[in-house]
Amino acid sequence: MVNRRRNSLKYFLGVLALTLFCVGGPGSRLPVWAQETETKAGTGAEAGTETETVVYESPVFTDGGEAFLPREQLERDGKEYRLVSTKLQPAVKEGTKTYASAVVPYMLEGRQEPPEKAVVALIDDATGREYERELPRLDVVEKDSFWDSEFSFSVTVSGYDSDGFLLGETEIPAGSDLALYGKEFLKYLKLPEDCYKVEAVEWDGECYEQDGALCRNAIASGAKRMRNVEVKYGGQVQTPEVQGRRYVGIYEEIAAVTEEKETQKEQEEENQVNIYETECGAREPSQEEGFFQKALHWMEKHLTVVVFGTGFFLVFFLAGVLFWLLYRENKRKSQVL
């Protein structure tokens, strides 16, 4: 009888140890399930949706560039973006083809024409710096004209003798008033009469011999017509290369950043549900299932509660049985004594 009771006691102690090992020992799947959920949730967060970005590059500048600093927010194609990074880097602006023109004033004498081409100073719109280019003449506008009395020229006559002299092909008698032959002097010098006037002619020195002929110099004075004109030059030019700096700003779409965080959160929750269903074989109950199937489904879905509850119940139950057996054994021994 004593051996039987001792075997019963050993049996219950073995069952109790086995129960404690199953509930809290290395065979439990609960810690493994929690670890996998955390790892896969992190993977899902890393695999989030890509954020749409916009790159802003400012024009090349040579000064402080405050006017080209990237703004904190940017709107493009109906979307809003926020600035996430800004950097300042060296940059070179290549010269470009552009049209340029300039007006140059001239003071012209007689029928004199302005130059067909002119080197003019231009301003680069991007940097405000001055550069020079050669441009062709486009138009001439005469602003006004006047007669300049500060006009004189020298002339040499040949065949000079006591009877007269030759002015080109015109013979002028000796002793004549040379001012009366102003047109002949102009014709001899190939000057237009509408632009020059001869008002006086005086001899300049005595006669001299040249190439076997007697010659004498004269000085003519009068007036010449002056024209104040403006000449327009223009054409295609290449602007100079500019060494400067520029800002580069990176923008991210505001709505995309918020949506990405929500997507990551939903992905984490979905991963947890998928892992739980994979480990525990959970499934949704149908309306046709009875009470037993619904209860079984609830137990599968709340496996943690069931396992711990069952374990604690068994522990307390076995502890009560052990206590009762020990109490009986102690009582028996006291009766024998």
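The following questions and answers go through a predicted model of one protein chain.

Colleague: How many helices and strands are there in the protein chain?
Modeller: The model is predicted, and totals for the chain use all residues. The protein chain has 337 residues, of which buried ones make up 24%. Its secondary structure comes to six helices and twelve strands.

Colleague: Of the contacts between residues at least 6 apart in sequence, what percentage join residues at least 24 apart?
Modeller: A contact here means heavy atoms within 4.5 Å. Among contacts between residues at least 6 apart in sequence, the share that joins residues at least 24 apart is 73%.

Colleague: What part of the exposed area of the protein chain do carbon and sulfur atoms supply?
Modeller: The area that the protein chain exposes is about 23400 Å². Of this area, the part from carbon and sulfur atoms is 52%.

Colleague: Which strands are the edge strands of the open sheet of four strands?
Modeller: The sheet has the order 1-12-3-2 and its pairing is antiparallel. From one strand to the next, the twist averages 40 degrees. An edge strand pairs on one side only, and that holds for strand 1 (53-57) and strand 2 (73-76).

Colleague: Which residue in strand 12 is the bridge partner of Val55?
Modeller: Strand 1 and strand 12 (residues 242-253) run antiparallel and are joined by five bridges. For Val55, the partner in strand 12 is Ile250.

Colleague: Which side chains of strand 5 point to one face and are buried?
Modeller: In a regular strand the side chains alternate between the two faces of the sheet. Strand 5 (residues 117-123) shows this alternation: Lys117, Val119, Ala121 and Ile123 point to one face and are not buried. The side chains that point to the other face and are buried are those of Ala118, Val120 and Leu122.

Colleague: Which residue of strand 6 is the bridge partner of Val119?
Modeller: Seven bridges connect strand 5 with strand 6 (residues 130-158), and the two run antiparallel. The partner of Val119 in strand 6 is Glu134.

Colleague: Against which strands do the buried residues of helix 3 pack?
Modeller: In helix 3 (residues 182-189), the buried residues are Gly182, Phe185 and Leu186. Seen down the helix axis, they fall within an arc of 100 degrees, so they line one face of helix 3. Lys183 and Lys187, on the other side of helix 3, are exposed. The buried residues pack against strand 6, strand 7 (164-167) and strand 9 (196-203).

Colleague: Which residue follows helix 3, and is it buried or exposed?
Modeller: The residue that follows helix 3 has a positive phi, near 60 degrees, and is Lys190. Lys190 lies in the loop between helix 3 and strand 9. Because its relative accessible area is 75%, Lys190 is exposed.

Colleague: Where is Asp77 found?
Modeller: Most residues other than glycine have a negative phi. Asp77 has a positive phi, near 55 degrees. At 75% relative accessibility, Asp77 counts as exposed. Asp77 is found in the loop between strand 2 and strand 3 (79-93).

Colleague: Is Cys215 buried or exposed, and how many disulfides are counted?
Modeller: Cys215 has 6% relative accessibility and therefore counts as buried, while Cys207, at 36%, counts as partly exposed. A disulfide needs two cysteine sulfur atoms within 2.5 Å. The cysteine sulfur closest to that of Cys215 is in Cys207, at 9.1 Å, too far for a bond. By this rule the number of disulfides is zero.

Key: Residues numbered from 1 in each chain as written. Predicted model: local features only at pLDDT ≥ 70, side-chain atom pairs only at ≥ 80, totals over all residues. Heavy atoms only, no water. Pairing = 2+ DSSP bridges. Axes fitted to C-alpha atoms, helices over the stretch in contact; angles between N-to-C directions. Buried < 20%, exposed > 50% of the residue type's maximum accessible area, 1.4 Å probe, protein only. Areas by Shrake-Rupley, 256 points an atom, 1.4 Å probe, with all protein chains shown as cover. Arc of directions from axis to C-beta.
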